[in-house]
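User: I am new to this structure and would like to be guided through it by questions and answers. Please show the sequence and the model.

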Amino acid sequence: MVQLHPWCQQKPIVDYCKNNGIVVQAYCPLTQGVYLNEPILAELAAKHNKDHAQILIRWSLQMGYSPLPKSEKPTRVLSNSQVYDFELTDEDMAALNALDLGAQGATSWNPVDVA
């Protein structure tokens, strides 16, 4: 598992996994709420008539990851599963991919940083 979302893309480890046939499981795909109010998410959510979390989950899926969103609320669990009836455009994906902050974008402990 690797913390992955548009602000923490961890490209070296993702490339390693993909080049070696390792499925990439993305934890914290919803950024623990840290970035959920970013304007780009509001813009894309309105464009696709989805919520912010659905945009982030869809981004993970289109990147080829297996996202692991967490919620204790049944309504959010259901909403998190409703991401297969739309796709982000190439322009949407490019806008989200441009948000990468590297390690500074992590929202929780990141085992990749352990020496």
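User: Does Gln 62 count as buried, exposed or partly exposed?

Analyst: This is a predicted model, in which local features need pLDDT of at least 70 and side-chain atom pairs count only at pLDDT 80 or more, while totals for chains, interfaces and linings use all residues. Residues are numbered from 1 along each chain as its sequence is written, and side-chain values use heavy atoms, with hydrogens and water left out. Buried means under 20% relative accessible area, exposed over 50%, and partly exposed in between, with a 1.4 Å probe and protein chains only. Since the relative accessibility of Gln 62 is 27%, the residue counts as partly exposed.

User: In which helix is the place of Gln 62?

Analyst: Helices are DSSP runs of H or I with at least four residues, strands are runs of E with at least two, and both are numbered from the N terminus. Residues 52-62 form one such helix, and Gln 62 belongs to it: helix α3.

User: Which residues is Gln 62 in contact with, leaving aside its neighbours within four places in sequence?

Analyst: Contact means heavy atoms within 4.5 Å. With the neighbours within four places set aside, the contacts of Gln 62 are Glu 87, Leu 88 and Met 93.

User: Where is the place of Leu 88, and is Leu 88 buried or exposed?

Analyst: Leu 88 lies in the loop between α4 (74-81) and α5 (90-97). Beyond residues up to four places away in sequence, Leu 88 touches His 48, Ile 55, Arg 58, Trp 59, Gln 62, Met 93 and Leu 96. Its relative accessibility is 4%, so Leu 88 counts as buried.

User: What separates the C-alpha atoms of Leu 88 and Gly 64?

Analyst: Leu 88 and Gly 64 are 24 residues apart along the chain. In space, their C-alpha atoms are separated by 13 Å.

User: What pattern does the protein follow along the sequence?

Analyst: The protein has five helices and three strands. Read along the sequence, they give the pattern β-α-β-α-α-β-α-α.

User: In what order do the strands form the sheet, and which stand at the edges?

Analyst: Two strands pair if DSSP finds at least two bridges between them. The three strands form an open sheet with parallel pairing, in the order β1-β2-β3. Each edge strand has a single partner, so one side of each is left without a neighbour in the sheet; these strands are β1 (2-3) and β3 (66-68).

User: Which residue in β2 does Gln 3 stand opposite?

Analyst: β1 and strand β2 (residues 25-27) pair in the parallel sense over two bridges. Opposite Gln 3 in β2 stands Tyr 27.

User: What value is phi of Cys 28 near, and what value is phi of Thr 31 near?

Analyst: Most residues other than glycine have a negative phi. Cys 28 is found in the loop between β2 and α2 (39-48), and Thr 31 has its place in the loop between β2 and α2. Cys 28 counts as buried at 14% relative accessibility, and Thr 31 counts as buried at 0%. Phi is positive in Cys 28, near 60°, and positive in Thr 31, near 60°.

User: What radius of gyration does the protein have?

Analyst: The radius of gyration is taken over C-alpha atoms, and the globule rule is 2.2 Å times the number of residues to the power 0.38. For 115 residues, a compact globule would have a value near 13 Å, and the protein agrees with this at 14 Å.
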